[in-house]
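User: I would like to learn how to read pockets, cavities and cores in a model. Can we work through one together?

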Amino acid sequence: MFAHNKKSKQYVRQVGVWGDILAAAKYPIAAVLRIASRMRYAFAPTEEGLILFEAFSGRRADCNPLAIYNYLRIHYPGRFHYVWAVEDINKWVSLAANSDTDLVAYRSSLHRKYACTAGFLVVNNSRAGDLPYRKKQVQIQTWHGEGYKTAGAAAGNIGPLMRWVIAQKSKRFDYFISSNKYFTQELIRKQLLYAGEVLEVGTPRNDRLVLSNKTDRLDQRRRIGLSDDDFFVLYVPTWRDFGSEIESFDVEQVRNAFAVRFGSNVVMGQRGHYFSDFSNDMFDLDLGDYDDMQGLLLACDALISDYSSVIWDFSFTYRPCFLFAPDWERYERDRGFNEPISDWGFPLSTSNDELISDIVSFDEAEHRMRMEAHHARRGSFEVGRASEEIAHVILSRFQGC
């Protein structure tokens, strides 16, 4: 029997005529707020050594911005001052414990001040139109996905005004980070309408997965509470941005299938997307509030997902990864894929029985070959040095260097 996501919050994308109407209503207001903030701090000096980070519009403080932040702090201590803009400051107090780091409330007056005075801005999604920036500021767009599903101007029935807004937001960035050639050509250029410089260096958050640090993996497993003989399976469904519910599989049957195939004590964990709050009480661990997504991918022994970009990230571990996608036809119709889901190379199931069959018949050697072919076909740039390369770009633009 399927369990459905809790509806404590559900974000639905507005497209087509309604999307254009919403954009027409919001854009002038946002522009006024943005210009007002820029005028307020017009004569405030630019702090060349200040880097402002925004991740997922303030909802989190992780992903690619965090990987860049961690690399800079480790390899260039004392060189920069860091500010994170987050909705819930209490959730990220560990960052504030660093003497070179401050937290500010997202969209607060202090956030707007730093947005106008920071020498560098690092973000991972489309930035809110009301937030200010300074033209001489170095802005880096890291993005947060991989490109399996459509985005930006290609996501659903996007109207002309929405396309214009997407183009206006994209052109502000000095650099856009890319994980592979396909992402550069299809997503960055065609869908996100970016015409500037692309840093084809890989994904900063994936450096850990590509390099496969065993100590890091063991530390993450201990932090979660796993023992050495636990076989940790993580389920990470993406959100349905047109309001449809997320179907889950039979957790006990799937647990038994993993036990049969891998012969270990199976621990089932779940992590819902922050836009949907998916939750199923049959899982052993609910990791929705775990503050390190890549740490979870390092820790787990197998992944079940659907259309989430985590499948690209996890593919570099070459550990078992399964797609459970009973609604893929609807998702393809409502949102859209950039290429057929069957071409991605992952075992694809549309029912509980198919998922169990894929698990018990999993072949490690075949999976590795499929993933290597997938990386080659997309033209992967992932070699574990993305954070290092981006740090070099930042240093080259830092006047105080």
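**Reading pockets, cavities and cores**

Analyst: Start with one element. H2 gives the most to the lining of the second largest pocket, with nine residues. Keep in mind that this is a predicted model.

User: How is empty space found in general?

Analyst: Rolling a probe the size of a water molecule over the atoms shows where empty space is left. Here, the second largest pocket has a volume of about 680 Å³.

User: How many residues line the second largest pocket, and which lie nearest its centre?

Analyst: The lining has 30 residues. Nearest the centre are Leu66, Ala67, Asn70, Tyr71 and Arg208. Two or more lining residues come from each of helix H2 (63–75), helix H3 (93–96), helix H7 (207–211), helix H10 (293–299) and helix H15 (386–397).

User: How do the residues of that lining divide by class?

Analyst: Twelve are nonpolar, eight polar and ten charged.

User: Now the cavities. A cavity is closed to the probe, while a pocket is open. How many does a search of the whole structure find?

Analyst: Four cavities of 30 Å³ or more turn up. The largest cavity has a volume of about 50 Å³. Its lining includes Asn64, Thr142, Trp143, Ile177, Phe183 and Pro204. By class, that lining has four nonpolar, seven polar and no charged residues.

User: Next, the cores. Which residues have the most contacts inside the largest nonpolar core?

Analyst: They are Ile51, Leu72, Phe80, Trp84 and Ile394, in a core of 34 residues. Helices H2 and H15 each give two or more residues to this core. So do strand S1 (47–54), strand S2 (81–86), strand S4 (118–123), strand S5 (138–141) and strand S6 (175–178).

User: Take Ile394. Which residues does Ile394 touch, not counting residues up to four places away in sequence?

Analyst: Ile394 touches Ile51, Ile68, Leu72, Phe80, Phe120 and Ile140. Apart from this core lies another, of 32 residues. Leu296, Tyr307, Ala325 and Ile341 are among them.

User: Let us step back to the whole chain. What does its secondary structure come to?

Analyst: The chain has 15 helices and 13 strands. Buried residues make up 57% of its 401 residues. The cut-off for buried is under 20% relative accessible area.

User: And what does the chain expose?

Analyst: About 17,000 Å², with carbon and sulfur atoms supplying 52% of it.

User: Last point, contacts along the sequence. What share join residues at least 24 apart?

Analyst: Among contacts between residues at least 6 apart in sequence, 72% do.

Definitions and conventions
Residues are numbered from 1 along each chain as its sequence is written. This is a predicted model: local features need pLDDT of at least 70, side-chain atom pairs count only at pLDDT 80 or more; totals for chains, interfaces and linings use all residues. Side-chain values use heavy atoms; hydrogens and water are left out. On a 1 Å grid over the protein atoms alone, a cavity is a set of points where a 1.4 Å probe fits but cannot get out, and a pocket is an open set with protein on both sides within 12 Å along at least five of seven lines; lining residues have an atom within 4 Å of a point. Grid points are joined across faces, edges and corners, and a volume is the space filled by probe spheres set on the points. Helices (H or I, at least four residues) and strands (E, at least two) are DSSP runs, numbered from the N terminus. Ala, Val, Leu, Ile, Met, Phe, Trp, Tyr, Cys and Pro count as nonpolar, Asp, Glu, Lys and Arg as charged, and the others, Gly among them, as polar. A nonpolar core is a set of buried Ala, Val, Leu, Ile, Met, Phe, Trp, Tyr and Cys residues joined through side-chain atoms within 4.5 Å. Buried means under 20% relative accessible area, exposed over 50%, partly exposed in between (1.4 Å probe, protein chains only). Contact means heavy atoms within 4.5 Å. Accessible areas come from the Shrake-Rupley method with a 1.4 Å probe; for residues, only the protein chains shown count as cover.
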